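Here are some exercises to work through with the model open in your viewer. Try each task before you read its solution.

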Amino acid sequence: MESLERIIAEQPFVEGLESYYLQLLVGCARNVVFEAGHTVFREGEEAHEFYLLRHGKVAIEIHAPQRPPIVVETLADGDVLGWSWLIPPHHWRFTARAVTQVRAIALDGKCLRTKCEANHDLGYELLKRFADIMSRRVDAARYQVIDVYGGGVNQ
Amino acid sequence: MSPDDPMLPVAYRVEKVTKETRDTFTLVTRRVDRAPRHAFEPGQFSMLYVCAVGELPISISGDTADKQNLTYTVRSVGQVTNQLVSLGVGDTLGVRGPFGVPWPVEEARGKDVVVVAGGIGLAPLRPVLYHILRRREEYGRLVLLYGARSPQDQLFRKELTQWSQAPESRVLTTVDYGGVNWHGHVGVVTTMFRYVRLRPERTIAMVCGPEIMMRFVARELETRGVERSQIRVSMERNMKCGCGFCGHCQYGPDFICKDGPVFSYDRIQSRMEAYEI
């Protein structure tokens with residue numbers, strides 16, 4: 001059976017992370033499986049975890065009254081799901097739904113926040129990694145709102 | 001009158017029309033005079049003339065191995081394209097060309113090929129895919145990343161499935177807006193790079209789509225270690241003559257119709273980022 005440490009070490013999010021920090025993460029981690037259609041978390045709920053996706057696909061949705069939810073993004077193998085655990089008031093801003101069966105590592109946000117407060121080097125490492133993810137997602141969101149395919153396009 | 005004169009349209013008849021999406025159609029055309037069709041290379045375009053309406057540059061989206069027909073995929077966005085997509089089997093149109101610099105399919109031999117297409121930008125790249133898939137052993141890994149506005153706007157859906165089943169090939173598609181019943185990826189095409197492992201030192205990339213999308217994709221490829229000289233993009237401007245005479249498609253020191261439409265990214269990167277051009 002694969003150890004949790006080895007599974008986490010294979011995730012792109014922790015690439016290059018020192019073994020000592022990896023051990024600290026492992027102490028807050030557990031394996032989870034979500035079946036297709038399962039709501040991983042719901043907008044407004046307390047955000048006490050984030051997820052390293054091993055296999056499967058998750059849709060990030062915005063709920064809108066009297067119409068189906070709007071899927072703004074999908075995440076899949078190797079992606080990180082959720083950063084609201086890091087930012088007060090620690091409530092999910094969106095809803096995440098498993099599109100397929102999802103196998104993931106769940107990391108306890110409260111446990112990690114406590115460790116980051118106690119060890120700022122760990123906190124800085126994690127913040128740098130989350131900042132990179134956030135920056136890429138903001139870029140993608142900006143590009144998405146341009147609606148480049150809506151107007152004139154190359155032929 | 002010579003049929004090879006690049007300024008004179010040759011009559012082609014529409015043999016088949018396929019509706020790809022709500023506003024995009026593929027026309028298979030054949031010379032009316034039964035002479036051999038114009039020779040072309042992947043990435044080249046023709047000037048298509050609709051009698052009494054006008055003329056437009058349209059990339060050839062068919063297979064170079066099809067020795068009888070010239071195939072075009074046209075999105076209805078204006079007066080001439082509205083007329084083009086209204087043509088039925090048996091109707092005729094004028095064809096000049098083909099024109100322009102093709103995709104570097106020979107230079108790509110032996111390398112991994114990353115094809116990135118957005119929207120109707122898949123049409124000019126389809127001949128590249130046909131070419132490589134027919135000579136699969138002569139190329140390295142093939143990756144196709146295709147982004148469209150919505151699932152309904154995806155072109156060549158059956159072929160996308162077929163291409164994904166070819167050996168040593170990876171096809172990833174995504175849409176900017178997907179409903180809850182869509183089980184594919186949602187997100188812009190650049191986000192698909194997360195799911196492929198490139199070998200940058202042996203990769204050549206061919207990119208076609210809206211110019212903003214190509215800029216983002218080229219930056220993503222650079223970030224992943226692909227040399228600018230190994231990134232090719234297909235540009236579009238207001239082309240009229242197709243031969244570099246009229247100057248309508250001037251792009252800095254180049255004419256898109258004659259020096260392009262396919263350019264090496266290192267040659268035009270600064271122009272792509274300039275506000276004035």
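**Exercise 1. Find which strands pair with strand 3 (residues 45–50) of chain B, and in which sense: parallel or antiparallel.**

Solution. Keep in mind that this is a predicted model.

- Step 1: Start with strand 6 (residues 92–99) of chain B. It runs antiparallel to strand 3 of chain B, and 4 bridges hold the pair together. To find your place, look for Tyr49(B), whose bridge partner in strand 6 of chain B is Gly94(B).
- Step 2: Now go to strand 4 of chain B. It is joined to strand 3 of chain B by 6 bridges, again in the antiparallel sense. Here Val50(B) has Gly54(B) as its bridge partner.
- Step 3: Check the turn. Strands 3 and 4 of chain B form a hairpin with 3 residues between the strands, and Ala52(B) has a positive phi near 70° there.

**Exercise 2. Work out whether the residues on each face of strand 3 of chain B are buried or exposed.**

Solution. Count a residue as buried when 20 or more other C-beta atoms lie within 10 Å of its own.

- Step 1: Take one side, with Phe45(B), Met47(B) and Tyr49(B); these are all buried.
- Step 2: Flip to the other side. Ser46(B), Leu48(B) and Val50(B) are buried too.
- Step 3: Put the faces together, and 6 of the 6 residues of the strand are buried.

**Exercise 3. Do the same job for strand 7 (residues 112–118) of chain B: describe its cover, its partners and the crossover that leaves it.**

Solution.

- Step 1: Cover. All 7 of its 7 residues are buried. One face carries Asp112(B), Val114(B), Val116(B) and Gly118(B), and the other Val113(B), Val115(B) and Ala117(B).
- Step 2: Partners. Strand 7 of chain B pairs in the parallel sense with strand 11 (residues 203–208) of chain B over 6 bridges. In that pair, Val114(B) sits opposite Ala205(B). Strand 8 (residues 142–148) of chain B also runs parallel to strand 7 of chain B and is joined to it by 6 bridges, with Val113(B) opposite Leu142(B).
- Step 3: Crossover. Follow the chain out of strand 7 of chain B, through helix 2 (residues 122–134) of chain B and into strand 8 of chain B: this β-α-β crossover is right-handed.

**Exercise 4. Split chain B into its domains and describe how they touch.**

Solution.

- Step 1: Draw the bounds. Domain 1 covers 10–99 and domain 2 covers 112–234 of chain B.
- Step 2: Get the spacing. The centres of the two domains of chain B are 24 Å apart, taken over C-alpha atoms.
- Step 3: Count the contacts. In chain B, 15 residues of domain 1 meet 14 residues of domain 2. The domain 1 side of that contact has 3 nonpolar, 8 polar and 4 charged residues.

**Exercise 5. Describe the side of chain B that touches chain A.**

Solution.

- Step 1: Count. Chain B puts 34 residues in contact with 23 residues of chain A.
- Step 2: Ask which elements of chain B are involved. Strand 4 (54–59), strand 10 (185–186) and helix 4 (211–223) of chain B each supply at least two residues, and helix 4 of chain B gives the most, with 3.
- Step 3: Sort by class. This side of chain B has 15 nonpolar, 13 polar and 6 charged residues.

**Exercise 6. Which strands sit at the edges of the open sheet with the order 1-8-3-6 in chain A, and why?**

Solution.

- Step 1: Read the order. This open sheet of chain A has 4 strands with antiparallel pairing.
- Step 2: Look at the ends. Strand 1 (29–34) and strand 6 (80–81) of chain A each have a single partner strand, so one side of each has no neighbour in the sheet.
- Step 3: Check one edge. Strand 3 (residues 49–55) of chain A runs antiparallel to strand 6 of chain A with 2 bridges, and Tyr51(A) stands opposite Leu81(A).

**Exercise 7. Decide whether each chain is as compact as a globular protein of its length.**

Solution.

- Step 1: Chain B has 6 helices and 15 strands. Its radius of gyration is 18 Å, close to the 19 Å the globule rule gives for 277 residues, so chain B is as compact as a globular protein of that length.
- Step 2: Chain A has 4 helices and 8 strands. Its radius of gyration is 17 Å, close to the 15 Å from the globule rule for 155 residues, so chain A is also as compact as a globular protein of that length.
- Step 3: For burial, the figure is 47% of the 277 residues in chain B and 30% of the 155 residues in chain A.

Conventions:
Residues are numbered from 1 along each chain as its sequence is written. Chains are lettered from A and ligands numbered from 1 in the order in which they are written. This is a predicted model: local features need pLDDT of at least 70, side-chain atom pairs count only at pLDDT 80 or more; totals for chains, interfaces and linings use all residues. Two residues are in contact if their C-beta atoms, placed from the backbone, lie within 7 Å. Ala, Val, Leu, Ile, Met, Phe, Trp, Tyr, Cys and Pro count as nonpolar, Asp, Glu, Lys and Arg as charged, and the others, Gly among them, as polar. Domain bounds come from an automatic or database domain assignment. A residue is buried if 20 or more other C-beta atoms lie within 10 Å of its own, exposed if 12 or fewer, and partly exposed in between; C-beta atoms are placed from the backbone. Two strands pair if DSSP finds at least two bridges between them. A crossover is right-handed if, with the strands pointing away from the viewer, the path from the first strand over the helix to the second runs clockwise. The radius of gyration is taken over C-alpha atoms; the globule rule is 2.2 Å times the number of residues to the power 0.38.
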